[in-house]
Amino acid sequence: MESIKSKTEDKMKKTLATLGEEFAGIRTGRVSAALFDKIFVNYFGQSTPLNQVATISVPEARLVVIQPWDKSVITEIEKAIQKSELSLNPNNDGKIIRISIPPLTEERRKELVKTAKNVAEKYRVALRNVRRDANEELKKQLKSSEITEDQEKQAADDIQKVTDNYINEVNKKLESKEKEIMEI
């Protein structure tokens, strides 16, 4: 019974960590190297993450510099950035790529907040699914007489408390991300 609770909590921790990674990829007023985490480059016929073929740095608030370790891949990096959903225009000088990030419009900020809310809801649903799976496991144990009704009820209550805590964490992360997106 305790193992169900700990397994459930582990799954919820992983879900929350994944949410953090997904939020890092949503653009805000501040530029972050994490913005480029989902960009893959054709490197000698292999689809390779950008951060494995180049150094990504943010020397100024609205400037990203990408320095490939192998200069021959610079045009592939440029193509990958242009094809991405980031809508950025990279400048290539043959050695490094500079990307000037324009400030977000009010309309774009609102779209990004909406995206963040949708992402957060997806993770709330994922947490509820983890709770449902744990409750089903408890019902199986009750049916096979491994635990009593009181134990099942107590464990279900504990799992509900854990779920509520993690959903509150999702809400806090969303609120923080909204503030970050809306700040000018």
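Let's start with a definition: a residue is buried when its relative accessible area is under 20%, exposed when it is over 50%, and partly exposed in between (1.4 Å probe, protein chains only). The model here is predicted, so local features need pLDDT of at least 70, side-chain atom pairs count only at pLDDT 80 or more, and totals for chains, interfaces and linings use all residues. Residues are numbered from 1 along each chain as its sequence is written, and side-chain values use heavy atoms, with hydrogens and water left out.

**Exercise 1.** Work out whether Ser 145 is buried or exposed, and look at its backbone.

*Solution.* Step one: find Ser 145 in the loop between α3 and α4. Step two: its relative accessible area is 62%, so Ser 145 is exposed. Step three: check phi. Most residues other than glycine have a negative phi. Ser 145 isn't a glycine, yet its phi is positive, about 60 degrees.

**Exercise 2.** Do the same for Phe 44.

*Solution.* Phe 44 sits in the loop between β1 (40-43) and β2. With 67% relative accessibility, Phe 44 counts as exposed. Its phi is positive too, at about 50 degrees, although Phe 44 is not a glycine.

**Exercise 3.** Place Thr 48 and list what it touches.

*Solution.* Begin with the strand: Thr 48 belongs to β2 (residues 46-49). Next, its relative accessible area is 12%, so Thr 48 is buried. Finally, leave out residues up to four places away in sequence, and Thr 48 touches Ile 39, Phe 40, Val 41, Tyr 43 and Val 53. Contact here means heavy atoms within 4.5 Å.

**Exercise 4.** Describe how helices α3 and α4 are arranged.

*Solution.* The axes of α3 (residues 106-143) and α4 (residues 149-182) come within 10 Å and cross at roughly 170 degrees. The axes are lines fitted to C-alpha atoms over the stretch in contact, and angles run from 0 to 180 degrees between N-to-C directions. That makes α3 roughly antiparallel to α4 (the term covers angles over 145 degrees). Now sort the contact residues: 17 nonpolar, four polar and 11 charged.

**Exercise 5.** Decide whether the protein is more spread out than a compact globule.

*Solution.* First, the parts: four helices and six strands, in the order α-β-β-β-β-α-β-β-α-α. Helices (H or I, at least four residues) and strands (E, at least two) are DSSP runs, numbered from the N terminus. Then compare: the radius of gyration is 22 Å, well over the 16 Å that the globule rule gives for 184 residues, so the protein is more spread out than a compact globule. The radius is taken over C-alpha atoms, and the rule is 2.2 Å times the number of residues to the power 0.38.

Definitions and conventions. Angles under 35 degrees count as roughly parallel, over 145 as roughly antiparallel, 65 to 115 as roughly perpendicular and the rest as oblique. Ala, Val, Leu, Ile, Met, Phe, Trp, Tyr, Cys and Pro count as nonpolar, Asp, Glu, Lys and Arg as charged, and the others, Gly among them, as polar.
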